[in-house]
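Biologist: I should like a close look at one part of this model, the open sheet, together with what packs and pairs around it. Please treat the matter as one connected account.

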Amino acid sequence: MIINHPLLGPRDAAEFVYLGDASLIDRPDWQAEDAAQAFHAYGYLRDNPAGAHRELWYHEQGDRSWLVVTRDTTTHEITQVELARDVARARGRDR
């Protein structure tokens, strides 16, 4: 599988480490009243979709960047690759 890195161009998937669902970018507020429940859902509850899915990938054997890869889980076709920092900033996350 080839991942078209936004900065480095096409790279083999063997250079990357898969982390999981891209919703991990949306870390809960640890000071919220329901923080324990929110962190349980954040850490343990995941969808397992058949079809388009946004995933976090880490470029371990390259520039060490985090990517959000939109991939069809039934065909492995990659339709979009974004830097995770850009996705996080677009969602209002500054760290």
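Modeller: The account below begins with the chain, proceeds to the sheet, and then turns to the cores, the aromatic pairs and the hairpin. The model is a predicted one.

The chain contains two helices and six strands, and in sequence order these elements follow the pattern β-β-β-α-β-β-β-α. The C-alpha trace spans about 45 × 30 × 20 Å along its principal axes. Of the 95 residues, 34% count as buried. The accessible surface amounts to about 6500 Å², and carbon and sulfur atoms contribute 48% of it. Where contacts join residues at least 6 apart in sequence, 49% of them link residues at least 24 apart.

The open sheet is built from four strands in the order β3-β4-β5-β6, with antiparallel pairing. The edge positions are taken by β3 (17–21) and β6 (78–83); each has a single partner strand, so one side of each is left without a neighbour in the sheet. From one strand to the next, the twist averages 30 degrees. Within the sheet, β4 (residues 52–58) and β5 (residues 66–72) are joined in the antiparallel sense over seven bridges. In this pairing Trp57 stands opposite Leu67 of β5.

Several residues of these strands also enter the nonpolar cores. The largest core consists of nine residues, namely Ala22, Leu24, Ile25, Tyr42, Leu56, Val68, Ala84, Val87 and Ala88. Helix α2 (residues 84–90) supplies the largest share of this core, three residues. Leu56 belongs to the core and falls within the range of β4, residues 52–58; Val68 is likewise a core member, in the range of β5, residues 66–72. Ile25 touches both Leu56 and Val68, and its contacts also include Ala84, Val87, Ala88, Arg91 and Arg93, when residues up to four places away in sequence are not counted. Apart from this core lies another, of eight residues, including Ile3, Ala13, Val69 and Leu83.

The aromatic rings may be considered next. A pair of aromatic rings is described by the distance of the centres and the angle of the planes. Three aromatic pairs are found in a search of the whole structure. One of them, between Phe39 and Tyr42, is edge-to-face, with 6.0 Å from centre to centre and 80 degrees between the planes. Both residues lie in helix α1 (residues 35–44), three residues apart, which is about one turn of the helix. Tyr42 is a member of the largest nonpolar core, whereas Phe39 is partly exposed, with a relative accessible area of 24%. Tyr58 and Trp66 have ring centres 4.7 Å apart and planes at 40 degrees, so this pair is tilted. Trp66 is partly exposed, its relative accessible area being 38%.

The remaining strands form a hairpin. Three residues connect β1 to β2 in this hairpin, and the two strands pair in the antiparallel sense over four bridges. Asn4 has Pro10 in β2 as its bridge partner. Strand β1 (residues 2–5) presents Ile3 and His5 on a covered face, and Ile2 and Asn4 on an uncovered one. Ile3, on the covered face, is among the eight residues of the second core described above.

Methods:
Residues numbered from 1 in each chain as written. Predicted model: local features only at pLDDT ≥ 70, side-chain atom pairs only at ≥ 80, totals over all residues. Heavy atoms only, no water. Core = buried A, V, L, I, M, F, W, Y, C linked by side-chain atoms within 4.5 Å. Buried < 20%, exposed > 50% of the residue type's maximum accessible area, 1.4 Å probe, protein only. Contact = heavy atoms within 4.5 Å. Phe/Tyr/Trp six-rings, centres within 6.5 Å; stacked < 30°, edge-to-face > 60°. Pairing = 2+ DSSP bridges. Axes fitted to C-alpha atoms, helices over the stretch in contact; angles between N-to-C directions. Areas by Shrake-Rupley, 256 points an atom, 1.4 Å probe, with all protein chains shown as cover.
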